[in-house]
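Work through the following exercises with the sequence and the model at hand. Each task is followed by a solution in steps.

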Amino acid sequence: LIRVPRSRLLSSARGGRSTPLGRIAASLPDTMETDYLACWLMTESEEGSVDHLFKASLPRDLSHVADFWQPADTHFLAGTYMTRVIEQRQAAERVRFACLKAA
């Protein structure tokens, strides 16, 4: 376990809302909490800062995400880019399995 100071925890107030991009997003209708997170992630922070180290630890792509999802699980992802990634991977796996079956 690690201890993280409360001041370093990510929240919409500390995160995206405090960035210039977040302040613009706050003035737009229908801005959601996830939008503030995106604003914070897109804002550069100082090299060596805790924020920079946190962002550097995030995956660069979605290759680590599992390919096989049940429909009951994917409804949580409705409307997100992840849905498209999962559908594309499942389609590729169906083609792969069909080729193996035909061989």
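**Exercise 1. A residue in two settings**

Task: State in which helix Met-42 is found, whether Met-42 is buried or exposed, and which residues make a nonpolar surface patch with Met-42.

Solution.
- Step 1. Met-42 belongs to helix α2. The model is a predicted one.
- Step 2. The relative accessible area of Met-42 is 59%. The cut-off for exposed is over 50%, so Met-42 is exposed.
- Step 3. Met-42 joins Leu-21, Ile-24 and Leu-28 in a nonpolar surface patch of about 400 Å².

**Exercise 2. The two faces of α2**

Task: Determine which residues of α2 are buried, how they are arranged around the axis, and which exposed residues lie on the face turned away from the buried side.

Solution.
- Step 1. The buried residues in α2 are Tyr-36, Cys-39 and Trp-40.
- Step 2. These residues span an arc of only 95° around the axis, and therefore sit on the same side of α2.
- Step 3. The spacing rule behind this kind of pattern is general: with 3.6 residues a turn in an α-helix, residues three or four places apart point the same way.
- Step 4. On the face turned away from the buried side, α2 carries the exposed residues Thr-34 and Met-42.

**Exercise 3. An unusual backbone angle**

Task: Asp-30 is not a glycine; find the sign of its phi, its place in the chain and its exposure.

Solution.
- Step 1. The phi of Asp-30 is positive, at about 65°.
- Step 2. Asp-30 is placed in the loop between α1 (20-26) and α2.
- Step 3. With a relative accessible area of 73%, Asp-30 is exposed.

**Exercise 4. The protein as a whole**

Task: Describe the elements of the protein, its burial, its contacts, its surface and the confidence of the prediction.

Solution.
- Step 1. The protein has five helices and zero strands, in the order α-α-α-α-α from the N terminus.
- Step 2. Of the 103 residues, 19% are buried.
- Step 3. Take the contacts between residues at least 6 apart in sequence: 26% of them join residues at least 24 apart.
- Step 4. The accessible surface is about 8,300 Å², and carbon and sulfur atoms account for 62% of this area.
- Step 5. The average pLDDT is 76, and 76% of the residues score at least 70. Among the elements, α2 (residues 33-42) has the lowest mean pLDDT, 74, while α5 (residues 81-102) has the highest, 89.

Note on methods:
Residues numbered from 1 in each chain as written. Predicted model: local features only at pLDDT ≥ 70, side-chain atom pairs only at ≥ 80, totals over all residues. Heavy atoms only, no water. pLDDT = per-residue confidence, 0-100. Helix = DSSP H or I, 4+ residues; strand = E, 2+ residues; numbered from the N terminus. Buried < 20%, exposed > 50% of the residue type's maximum accessible area, 1.4 Å probe, protein only. Arc of directions from axis to C-beta. Contact = heavy atoms within 4.5 Å. Areas by Shrake-Rupley, 256 points an atom, 1.4 Å probe, with all protein chains shown as cover. Patch = residues over 30% accessible without salt bridge, like charges linked within 9 Å, V, L, I, M, F, W, Y side chains within 5 Å. Salt bridge = Lys/Arg side-chain N within 4 Å of Asp/Glu carboxyl O.
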